[in-house]
Amino acid sequence: MKLQFKHQQYQTDAASMVVRCFIGQSKGFRKEVAGRTGFFAHEIFSNKKLEIADSDILKNVQTLQKEQGLKVIDRLDGLNFTVEMETGTGKTYVYTKTMYELNKHYGWNKFIIMVPSVAIREGVHKSLEITAEHFQEIYGKKIRFSIYNTQNKSNLINIKSFADTSNIEVIIMNYQAFATTSQESRKIFQKLDTLQSEKPIDIIKRARPILIIDEPQRFGEKAEKIFSDREFDQLFTLRYSATHRRDFNKIYRLDAIDAYNQKLVKKISVKGIEVVGNSGTNSYLFLDRIQISTDKYPVAYVELEVKQASGIQKKTRQIKEKDDLYIFSNELKQYKGFVVKEINGLTNTVAFTNGVKLSVGQTAGHVDEEHVRRIQIRETIKSHIEKERIMFAKGIKVLSLFFIDEVVKYRDYSNPDQKGDYAQVFEEEYREAISQLNLFEEEYNKYLLGHRVEDIHKGYFSIDKKGHFVDSKEKKSEGGSDDESAYDLIMKNKEKLLDLKEPTRFIFSHSALREGWDNPNIFQICTLKHSQSIISKRQEIGRGLRICVNSNGDRMDTSVLEGEFFDVNKLTVVASESYDSFARELQIEIVESLSERPVKLTIDVLKDLVLSNDKGEKFIFDNQTSMDLIFDLKTKGYVNEAYQITDTLIKDISDKKYKVPEKLKGFETQVTDLLTKIYTTANFKAAENENANNVVVEVLTPNENFAKKEFQDLWKKIKVKTVYEVDFDSDELIKKSVEAIDKNLTVKKILVYITSGEQEDKMDETSLKSGESMRKQQNITEKADSLLGSLTYDLVAEIAKETNLTRRTVVKILQSLRVDTFHNFRVNPESFIHGVVHLINNEKAATLINNIVYSKTDQSYDDSVFTINNFKGSLADNILKVKKHVHDYVKTDSKVERDFAKALETEDVLVYAKLPRGQNGFQIPTPLGNYSPDWAIVFDGDKYKYVYFIAETKGSMESLQLKEVEQKKISYARKHFEALGHADIKYDIIDSYQALRDKVMK
């Protein structure tokens, strides 16, 4: 299989920010004479020098920072530019795209990618390989890339050709290859015979490369000095990471909160395995889970020691209140007094009469490390199979990753079968996990039995000359391993591992190999390491954050999964500590990385902040207007004593009840976006507790409420599927688009600051060093209307791509614009294209809504959409036990939904359903993708006129403000329900039961 890549707006934005730093630079490359041999000149191709002044670049950077709400710098910190991107969002893809864009706009074609270790080097090389065809389709050319390696003569020849061609040339270089004391690393500064007695560094310097640093925080002070001293004579430096130690001129930010809220990474779920203090006895206990039932008291599953004829063994037993573990253990003395006092399904705890109390995931008594590791392996396998059952039907391969510290734990060459302890334990626990095949679907059973257990797990480690696995050496100064043999194996199998036909589903790897590679279909990570090993939590989870792909290599993102996104894209971490401990450390790490994101609303946060609306108008906060906004919010109860934004404000923003102060009229969207972002940061939760899931139902089927005549009447009416047709006059769209662009298009002007000055009459060493030998005389600000004429843009293609219109239609729109409107293209092409695309898409959407027609088909949804596999959640968090719903439980996505469901249980409702979502659920087709309403409700009583559908019970962080696309989907949904033709069915949007009742009573 081959990984597929698609256009992602955030990745385009990140590349665009780098390009926009150099607006004003003309396009081209340099062809220079490097030397002569007799009458022959040796020519090289190098990056064209920067023509624009640092002051121009500073202005461009400040514009970008103001647009994105980043801290605005007052001077450049050298020609260094920071791009912050959360792990798993594709930073390698982004800087590859950026190289193409810089070549397209400015002609620059020489790049050095500097990485901190062999691991990341190999990962970058693989990424350039697998994206080559994708980028060639977009840009019509390929990057020529190679690894810098003085031990490989062919790689040295690549150094020679680096400066000799007009291609886009890239050298991937790990820091250790040139900046250590080893003889090999010093070769970069030595004349080499293979390079006709030239030094590699001189060849690189002549090309004036652009230096891209991957994970700059991983380089030490020595390396940083080399970069800042411009050892490579680089044109400028781009820095990419999720966790920068220092921000140099930050131009783009996509941090952990942004990535999560935009659904660009997996959700993190933690299954903690915690050893608690000894209770004073040697009684071993492990509380595996608590199971809730609608018609029985809760039961718990506990592992304990049991006396048997063959000796004492650990066994898992189901227990209920008043059960005596002394009897369950076949009268082992250490369990005297362990009588079950309470099984609490809400708190997920079991209490015994002797005072011992355990939470799910905790072990107590005499617990050796080997058994904790066994539990971790068991829980990982259990999570894997739960996930795999669901993913198998979707054609998605599920992988689990185990990190270990010693190869001998997995591959022991002193044993006849060469299996280490973990390999043996894994095979035992896996056989036990699938021993009851009758629990699974027939096709999935065949898949489980299709490969021997010995073939489904593999080790990825370094290999010695005998072909044996060996421990990777972790270098403390760099926090990673440089063993190449392990990475070769991992990288070459990246796509193969994603194929369902490949038996490998469980991967054992060395903990030193935790960086530089990942696989999008890792759904479980288990760290089987010694407790004293200290690795950042973000590093542990980083290998599995990417959005998964199916067997065709297609990304399973929101455009495919919609409401099911986090149900599918969830990473389970099986940790050798409590959930609280793991989540707390992860939360601290993420919060520390969010230093620029405020969690309180203060004057410092608002002062000098620039708001820009769609009309191009700006509002700049000063001390007074900052205090006015805070005071207004505080008097309305929207900000508490600690200056934290309250839930009340968020709800009123959601309900569109919040009114901005008079001075901020026209900037409502920008103000609410700002306030929502601060609230989101303050309330961000890094991970969820998988151990809290006390409701686990393998197959949740409808109950007797589903069969009630009233609900069946409703279901019969709404289960009919529809199709839509759109027939509109393209001339009408062209006319309306031209009117909208001429009236509303605003393009940001590019300003150039020109400073003139002269030398002081007297100079000395001090004034020269301090930069005070020149005296500023005059500042002039000019519009740069003509500076961009030499840049090449395929304007029609860019607009056609973003609007999905034909080139012919785009040409007609552009030709019909007023001359003064079209002149804005030369003022700022990027801003012109962005504005035109936005306005055309708005008119297109409005035209579609006005002209769309839905028609009923002879197809309908089957009752099976109400059957939910692997239903699980927490009674304390997102699951309600209910009586009027068509299931015994209802799962809610927010506090608003939870409160709404509770109200439905107590009010005049006869029966209701939360309509199943996702690919196999209840969906309405629209031109913007499928849309799923939330609830179907039947009211009880003559006073109610309608059966209601509620399109959305607002309240989740993803829907605090209905985005334009959501609003348009709702408009399409209205037309769908109108087409069904049932007057007693009404569709609307509400945020509470009170709002629903008000509409029903009309």
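Which residue lies over the face of Phe523, and at what distance from the ring centre? In this predicted model, the residue is Lys266, which lies over the ring face of Phe523 at 5.0 Å from the ring centre. A second arrangement of this kind involves Lys110, whose charged end sits over the ring of Phe162, 5.7 Å from the centre of that ring.

Aromatic rings also meet one another, and a search of the whole structure finds 46 aromatic pairs. In one of them, the ring centres of Tyr335 and Phe338 are 6.1 Å apart and the planes stand at 70 degrees, so this pair is edge-to-face, given that the label applies to angles over 60 degrees. Both partners are out of the solvent's reach to the extent that Tyr335 is buried, and Phe338 is buried as well. The rings of Phe871 and Tyr889, by contrast in geometry, have centres 6.4 Å apart and planes at 25 degrees, so they count as stacked, for which the planes must be under 30 degrees apart. Phe871 belongs to strand β36 (residues 868-873) and Tyr889 to strand β38 (residues 889-891), so their pairing ties together parts of the chain that are 18 residues apart in sequence. Phe871 is buried, with a relative accessible area of 6%, and Tyr889 is buried too, at 4%. Elsewhere, one aromatic cluster is formed by Phe402, Tyr410, Phe426, Tyr430, Phe506 and Phe508.

From the cluster we can turn to Thr504, which is found in the loop between α13 (484-492) and β25 (506-510). Is Thr504 buried or exposed? Its relative accessibility is 0%, and because buried means under 20%, Thr504 counts as buried. The side chain of Thr504 is joined to that of Glu502 by a polar contact of 2.5 Å. When neighbours within four places in sequence are left aside, the residues in contact with Thr504 are Lys397, Leu399, Asp455, Ile456, Lys458, Tyr460 and Leu497.

Helix α3 offers another view of burial. This helix covers residues 91-106, which makes 16 residues, and reaches 22 Å from its first C-alpha to its last, close to the 22 Å expected at 1.5 Å a residue. Of the 16 residues of α3, 15 are buried, so the helix is largely enclosed by the rest of the structure. An α-helix has 3.6 residues a turn, so residues three or four places apart point the same way. After α3 comes Gly107, whose phi is positive, near 85 degrees.

Terms used: Residues numbered from 1 in each chain as written. Predicted model: local features only at pLDDT ≥ 70, side-chain atom pairs only at ≥ 80, totals over all residues. Heavy atoms only, no water. Phe/Tyr/Trp six-rings, centres within 6.5 Å; stacked < 30°, edge-to-face > 60°. Buried < 20%, exposed > 50% of the residue type's maximum accessible area, 1.4 Å probe, protein only. Helix = DSSP H or I, 4+ residues; strand = E, 2+ residues; numbered from the N terminus. Lys NZ or Arg CZ within 6 Å of the ring centre and 35° of its normal. Polar contact = N/O pair within 3.5 Å; in protein donor to acceptor, adjacent residues only side chain to side chain. Contact = heavy atoms within 4.5 Å. Expected span 1.5 Å × (residues − 1).
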